[in-house]
Amino acid sequence: MVKPVRFDESGDSEDLQALFDSIAAGGITPEPPPSAPDNAGDSDELQALFDSVAAHVESPPGETSERGPAAIGHDGDGEVFNRLGHMARQLHDSLRQLGYDKALEESARQIPDARQRLAYIVQMTEQAASKVLNAVDIAKPLQDGLLGQSEAMAGRWERMFANQLSVDEFKVLAADTRAFFQEAPGRLKETNRQLTDIVMAQDFQDLTGQVIRKVVDIVEGFETQLLQVLIEALPAERKAEVPAGLMNGPVISAEGRLDVVSTQSQVDELLESLGF
Amino acid sequence: MPADPSKIKFLVVDDFSTMRRIVRNLLKELGFTNVDEAEDGAVALQKLKAGGFDFVVTDWNMPNMDGLTLLQSVRADPALKHLPVLMITAEAKKENIIAAAQAGASGYIVKPFTAATLNEKLAKIFEKVGL
């Protein structure tokens, strides 16, 4: 059994809570709901919402949105709805005026396609990984067996040349050696077959590479259009915000970033500097 | 490293079966043949609570329950809090590493990693806990 380990319990306390609170607060800042362009034309519902909202508004829409969401906390509920209504209206109008509703619709249509392609990549890479690991599982024991037998055989031959073997022992050694050499090529050929399988399993790269390029094209198109819409519709002070969180996945490009580590030694240095 | 590595029971937690297999193979190379697997934190916690484990190697980003929550749950459980927990994750932000350390992680390895790194971190943890 394992001996009880002393862990620094003090780390699991206010510090951690504060860190989480700050992160949680950064992650769930209320954002204006991006209204999906479900149809190209003006909808009656939207019009009705806008009318009911606009009825309470004194200031023109442009001025309201320029004040930004920071002011929301100080206003009443009515004001919040007013502002949201104006934002939705503004987004809707911008989309139509600029022709983005059609473009976004087209992009949205491509998303299931992209999802399918990504699922294909997951499948292909998983297959390849399994193939390689299976090949290693087969080849490893063969290699281990040959290694063990070679070492044992070499030891016995050493004793033979040191004149430590009787004639009978030498006869057994000769027979064993002959059997070993008869058996070895078969195993080595099998290992070779597994190595070839490992090489062949890399064929996914070509296939997934092509699919990834297509998905990147789709995402790029979608990103460009969404970006345009956001630039049109977002108040200035929100444009600089960066999303924060603890589940970001692999860092694709660490260049110029101070908030990430790129080597294990940097991890170790950071932990050490903090006394862990 | 422990005298008889096959006596140490590992739980490898990762939502990708390939990564679980790779870690399992690396552990096997080091003589740790007693390895069980879980595909997320929730399944892992269930298995850990059933008892018998000596060491946890976990990913961070997983469905149902992520690795940090698993680590916090382990540390909050009087029966489990002594377990060494080594995180192997693609999360490379400094705040991730700090959060893991503050939550009581025994070690932190960023993906992609090498067999040598795993070996070194395991040795360090075993030395610390006296297994």
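**Salt bridge first.** I started with A:D268 and B:K121, whose side chains meet in a salt bridge at 2.8 Å, N to O. This is a predicted model, so I keep that in mind for every entry below. Across the interface of chain B and chain A, I get three salt bridges by the rule. For polar contacts between chain B and chain A, I count ten residue pairs, both partners at pLDDT 80 or more.

**Who supplies the B side?** I looked up which elements of chain B provide the side that touches chain A. At least two residues each come from α1 (17-29), α3 (67-76), α4, β5 (107-110) and α5 (115-129) of chain B. Of these, α4(B) gives the most, with eight residues. I then sorted the residues on that side of chain B by type: 18 are nonpolar, eleven polar and twelve charged.

**Interface size.** How many residues does each chain bring to the contact? I find 41 residues from chain B and 40 residues from chain A. The area buried between chain B and chain A is about 3600 Å², and carbon and sulfur atoms give 60% of it. I checked for the top contributors on chain B: B:R21, B:K93 and B:Q102 supply 18% of the area that chain B buries against chain A, more than any other three residues.

**Back to α4(B).** I went through helix α4 of chain B, residues 94-102, for burial. On my list of buried residues are B:N96, B:I97, B:A99, B:A100, B:A101 and B:Q102. So B:Q102 turns up twice in my notes, as a buried residue of α4(B) and as one of the three top suppliers of area on chain B. After the helix comes B:G104, and I noted its positive phi, near 100°.

**B:I88.** I moved on to strand β4 of chain B, residues 85-89, where B:I88 is found. Is B:I88 buried or exposed? I have it as buried, because its relative accessible area is 3%, under the 20% cut-off. Leaving out residues up to four places away in sequence, I see B:I88 touching B:V23, B:V57, B:T58, B:D59, B:W60, B:I109, B:K111, B:F113 and B:L118. I also took one spacing: B:I88 and B:G67 are 21 residues apart in sequence and 9.4 Å apart in space, C-alpha to C-alpha.

**Aromatic pairs.** Over all chains I count seven aromatic pairs by the rule. One of them, A:W157 with A:F161, is tilted, at 6.3 Å centre to centre and 40° between the planes. Both sit in helix α5 of chain A (residues 100-161), and because they are four residues apart there, about one helical turn separates them. An α-helix has 3.6 residues a turn, so residues three or four places apart point the same way. I have A:W157 down as partly exposed, at 27% relative accessible area, and A:F161 as exposed, at 67%.

The pair B:F32 and B:F126 is stacked, 5.5 Å centre to centre with 20° between the planes. Where do these two rings sit in chain B? I place B:F32 in the loop between α1 and β2 (35-38) and B:F126 in helix α5, 94 residues apart, so the pair links distant parts of the chain. I find B:F32 buried, with a relative accessible area of 1%, and B:F126 buried too, at 2%. Last note: B:F32 and B:F126 belong to one aromatic cluster with B:F10 and B:F55.

Terms used
Residues numbered from 1 in each chain as written. Chains lettered and ligands numbered in written order. Predicted model: local features only at pLDDT ≥ 70, side-chain atom pairs only at ≥ 80, totals over all residues. Heavy atoms only, no water. Buried < 20%, exposed > 50% of the residue type's maximum accessible area, 1.4 Å probe, protein only. Contact = heavy atoms within 4.5 Å. Buried area = accessible area lost by both parts, 1.4 Å probe. Salt bridge = Lys/Arg side-chain N within 4 Å of Asp/Glu carboxyl O. Polar contact = N/O pair within 3.5 Å; in protein donor to acceptor, adjacent residues only side chain to side chain. Nonpolar A, V, L, I, M, F, W, Y, C, P; charged D, E, K, R; others polar. Phe/Tyr/Trp six-rings, centres within 6.5 Å; stacked < 30°, edge-to-face > 60°.
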